[in-house]
Amino acid sequence: MTATAGFDDAEVLSEGSPELDPDWVRAFALRHYGIEGEMRPLTGERDRNYRLESARSGERFMLKISHPSETPLVADFQTQALLHIARADPGLPVQRIVPTCDGQPSLLCDPGDGLPRVARLFSYLPGLPLPEAPRTSAQQLNLARALARLDLALHGFDHPAGALALPWDIQRADSVRGLLAHIADPARRALAERSLDRFERDAKPVLAGLRTQPIHNDFNIYNVLVDPGDTDRIAGILDFGDMVRAPLIDDLAVAAAYQLDPAGDALAGIVPFVAAYHAVLPLTREEVDVLFTLITARLVMVVAISGWRAARHPDNAAYLLRNNPLSWARLQACDRIGNDVAGAAFRRACGMNEGHEHA
């Protein structure tokens with residue numbers, strides 16, 4: 001058995017999509033969407049993204065040409081989710097699917113290399129990336145409420161791609177245990193192992209009994225835009241590329257993991273976040289009891305996967321490990337707090353007395 005047995009690295013290690021001829025992209029946009037005007041490449045980890053500005057109307061769009069390895073089924077999961085959200089909660093600030101000239105939400109294209117790709121056009125969301133904005137408690141509470149609204153909107157939606165294995169799925173957190181061998185510091189390795197032990201003991205046995213649905217699964221500050229004129233207002237929710245069907249509470253766990261402030265009172269920083277989510281989408285007692293364990297499991301996944309990738313790609317280690325110090329600090333803060341203290345604080349914040357459960 002290898003150190004990575006049980007860990008599916010196909011998504012994690014995929015390289016960026018091959019570059020495309022700008023003239024081909026422009027011709028494609030004109031032929032299928034009737035858009036002619038300025039085109040600017042945008043950053044993307046896997047896909048090729050372009051901002052288009054119509055010379056006729058001045059309207060902006062984002063054209064996404066997916067990675068050749070992304071199957072139409074997986075791309076359709078994200079497409080149908082956005083269409084569902086637009087119907088369920090039209091006020092949510094997510095991108096809208098712009099149909100082709102013949103009314104299709106997406107299409108397969110081949111830029112000439114024999115590798116078919118899924119192409120989609122989205123509305124362009126203006127806004128300031130959250131990491132560039134000042135952080136306030138009001139902004140944090142609005143962020144939690146936006147996630148709860150998103151999860152409410154996704155309730156009732158389903159898609160066959162939701163059941164596919166995804167490396168970043170907290171349900172599979174124990175699949176990264178073999179990667180901990182790449183953590184050189186024995187104290188850090190032991191910290192990560194303790195967290196995974198708690199996940200396997202306290203969370204994994206109960207996850208199957210919790211309510212499940214498609215979730216965003218990557219609600220971190222880099223996937224959020226705020227209003228430049230009112231940075232407390234959430235103006236955009238981006239990147240549905242890590243969606244999966246999973247326990248609903250996993251979505252809150254992912255988001256809360258990125259709200260931890262290890263320099264101060266880490267628990268005080270996330271308790272209001274959990275309470276604000278609960279006020280919009282009430283949690284059950286079982287979900288609240290397992291939340292802290294899931295938060296720490298997510299943090300272990302971050303340090304384990306990035307550490308493993310850095311070991312495999314030492315020339316790119318600095319970039320791959322850029323967020324690791326913060327994730328380790330958060331994990332250490334969680335370890336100091338402990339599950340019992342955190343669980344009690346979450347229950348109090350959600351108004352759950354002993355023996356009482358919110359449905």
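**Reading the predicted model: strands, cores and rings**

Q: What makes strand β5 (residues 107-109) and β6 a pair?
A: In this predicted model, three bridges join β5 to β6 in the antiparallel sense. Two strands count as paired when there are at least two bridges between them, so β5 and β6 qualify. Within this pairing, Leu108 stands opposite Val118 in β6.

Q: How do you know that strand β4 (residues 97-98) and β6 pair?
A: They share two bridges in the antiparallel sense. The requirement is at least two bridges, so β4 and β6 are a pair. Ile97 has Phe122 of β6 opposite.

Q: What makes strand β3 (residues 60-65) a partner of β6?
A: Five bridges join β3 to β6, and the two run antiparallel. Lys64 has Arg120 in β6 as its bridge partner.

Q: Why is strand β6 (residues 117-123) called mostly covered?
A: Six of its seven residues are buried, and buried means under 20% relative accessible area.

Q: Why are β7 (128-129) and β10 (230-237) said to stand at the edges?
A: The open sheet holds three strands in the order β7-β9-β10, with antiparallel pairing. β7 and β10 each have a single partner strand, so one side of each is left without a neighbour in the sheet.

Q: How do you know that strand β9 (residues 224-227) and β10 pair?
A: Four bridges link them in the antiparallel sense, where at least two are needed. Leu225 and Gly236 of β10 stand opposite each other. Helix α4 (residues 137-154) lies across β9 and β10, at about 25° to β10.

Q: Which residues touch the most other members of the largest nonpolar core?
A: They are Leu252, Tyr277, Leu294, Ile295 and Phe346, in a core of 85 residues. Helix α8 (residues 285-312) gives this core its largest share, 14 residues. Ile295 touches Ala253, Ala256, Ala257, Leu260, Ile270 and Phe346, leaving aside residues up to four places away in sequence. A second, separate core of 17 residues has Val25, Ala29, Leu107 and Cys109 among its members.

Q: Why is the aromatic pair of Trp24 and Phe28 called stacked?
A: The ring centres are 5.2 Å apart and the planes make an angle of 25°. Rings pair when their centres lie within 6.5 Å, and planes under 30 degrees apart count as stacked, so both conditions are met. The two residues are four apart in helix α2 (residues 22-33), which means that about one helical turn separates them. Ring pairs also link Trp24, Phe28 and Tyr33 into a cluster.

Q: Why does Trp24 count as partly exposed?
A: Its relative accessibility is 22%, whereas buried requires under 20% and exposed over 50%. Phe28, at 5%, counts as buried.

Q: What makes Phe77 and Phe157 a stacked pair?
A: Their centres are 6.1 Å apart, with 20° between the planes. These values fall within 6.5 Å and under 30 degrees, so the pair counts as stacked. Phe77 lies in helix α3 (residues 72-88) and Phe157 in the loop between α4 and α5 (186-207), so the pair ties together parts that are 80 residues apart in sequence. Both Phe77 and Phe157 are buried.

Q: Why is Arg51 said to lie over the face of Tyr124?
A: Arg51 is at 5.8 Å from the ring centre and lies over the ring face. The cut-off for the distance is within 6 Å, so 5.8 Å satisfies the distance condition.

How values were computed:
Residues numbered from 1 in each chain as written. Predicted model: local features only at pLDDT ≥ 70, side-chain atom pairs only at ≥ 80, totals over all residues. Heavy atoms only, no water. Contact = heavy atoms within 4.5 Å. Axes fitted to C-alpha atoms, helices over the stretch in contact; angles between N-to-C directions. Core = buried A, V, L, I, M, F, W, Y, C linked by side-chain atoms within 4.5 Å. Buried < 20%, exposed > 50% of the residue type's maximum accessible area, 1.4 Å probe, protein only. Phe/Tyr/Trp six-rings, centres within 6.5 Å; stacked < 30°, edge-to-face > 60°. Lys NZ or Arg CZ within 6 Å of the ring centre and 35° of its normal.
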